[in-house]
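Below are some notes on the model you sent, set out as numbered points. Please read them with the structure open.

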Amino acid sequence: MKVKAKEKDGIVKVKVLAKHQNIGPEEAEKKKKEANFITSVVAKVGTAVVFELNGSGFMSANPLYKFKFKGKKGDELDVTWTDFKGETENKKVKIK
Amino acid sequence: MINRRKFLGLGLGLATLALAPVTASALDFRKEKIDAWKAEKPADAIKALYGDIKPEEKGVKIKAPKLAENGGKIPVSIKSDIEAKSVAIFQDANPRATVAVWTVQEGGIVDYSITMKMKGSGKITAIVEGKDGKFYSKVLPIEVSKGGCGG
């Protein structure tokens, strides 16, 4: 997962590029693959949640998520995605 | 007509969940509203997620290509200045309607982008759940030249 976080005028802009097949059950059946997709993406600064998304198999493969929140340079952004199978991936970056 | 008592009860329930100490979601939409993810049509998905709502068509912007070259990766942005609790996006081109649901934090900014799939041309519907208890929506048609989603 690639995460970029940049602050300007108190607003942090974030780009998250996850590596995931994101295939829902219908598509999986057609492609004869196992269904698996990112079900949630949560981003935090400290204990505060700043982004929370529940996804589906209708997000693209290797999805790109963008969001904004009020924050400041130097803080650490902690991003985790969880998929249908229960696997997770985490990335921490410093807000630039 | 919204049943006021039922609606207020729902609001209190959500507030209680929000106050509970959390490591991740206060409200995990995939767990709490599983029917919304099963629904085939946007109207049914919206009802499963939010109940019998009558959203006002204002205050919500959807940015997406009018013609998507690749149905497998359509960039879509949703923006709103409304103080929101949640935002949801649906479409009517895939086997099921619900694409994603965001929980909006206290003081959060509704300016989200995702990349999604559509099997063919259709309409995207975005719903913003306001803190004021009202709902706001926007519908945008998208033409897809090459269907994504294995279609």
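The points below take up the sheet, its hairpins, the contact between the chains and one residue of chain B.

1. The model is predicted. Everything that follows should be read as a description of that prediction.

2. Which strands make up the open sheet, and in what order? Nine strands take part, in the order 7(A)-6(A)-3(A)-4(A)-5(B)-4(B)-7(B)-8(B)-2(B), and the pairing is mixed. The edges are held by strand 7 (88–94) of chain A and strand 2 (67–68) of chain B. Each of these has a single partner strand, so one side of each lacks a neighbour in the sheet.

3. Starting from the chain A edge, strand 7 of chain A is joined to strand 6 of chain A by seven bridges, and the two run antiparallel. Within this pair, L77(A) has V93(A), in strand 7, as its bridge partner. The hairpin of these two strands has four residues between them, and G86(A) takes a positive phi near 95° there.

4. Strand 6 (residues 76–83) of chain A also pairs with strand 3 of chain A, again in the antiparallel sense, over six bridges. Here the bridge partner of V42(A) is T80(A), which belongs to strand 6.

5. Strand 3 of chain A pairs with strand 4 of chain A as well, antiparallel and over six bridges. V45(A) has A48(A) of strand 4 as its bridge partner, and S40(A) stands opposite N54(A) of strand 4. The hairpin of strands 3 and 4 of chain A has two residues between the strands, with G46(A) at a positive phi near 65°.

6. Where does the sheet cross from chain A to chain B? The crossing lies between 4(A) and 5(B) in the strand order. Strand 4 of chain A and strand 5 (residues 98–103) of chain B pair in the antiparallel sense over two bridges. N54(A) has V101(B), in strand 5 of chain B, as its bridge partner.

7. Is strand 4 of chain A mainly buried or exposed? Six of its seven residues are buried, so strand 4 of chain A is largely enclosed by the rest of the structure. A residue is called buried here if 20 or more other C-beta atoms lie within 10 Å of its own.

8. The contact between the chains takes 26 residues from chain A and 29 residues from chain B. On the chain A side, the elements giving two or more residues are helix 1 (25–31), strand 3 (38–45), strand 4 (48–54) and strand 5 (64–70). Strand 5 of chain A gives the most, with seven residues. By class, the side of chain A that touches chain B has twelve nonpolar, six polar and eight charged residues.

9. In chain B, D44(B) is found in helix 4 (residues 42–50). D44(B) has 17 other C-beta atoms within 10 Å, so it is partly exposed. D44(B) and G122(B) are 78 residues apart in sequence and 16 Å apart in space, C-alpha to C-alpha.

Conventions: Residues are numbered from 1 along each chain as its sequence is written. Chains are lettered from A and ligands numbered from 1 in the order in which they are written. This is a predicted model: local features need pLDDT of at least 70, side-chain atom pairs count only at pLDDT 80 or more; totals for chains, interfaces and linings use all residues. Two residues are in contact if their C-beta atoms, placed from the backbone, lie within 7 Å. Ala, Val, Leu, Ile, Met, Phe, Trp, Tyr, Cys and Pro count as nonpolar, Asp, Glu, Lys and Arg as charged, and the others, Gly among them, as polar. Two strands pair if DSSP finds at least two bridges between them. A residue is buried if 20 or more other C-beta atoms lie within 10 Å of its own, exposed if 12 or fewer, and partly exposed in between; C-beta atoms are placed from the backbone.
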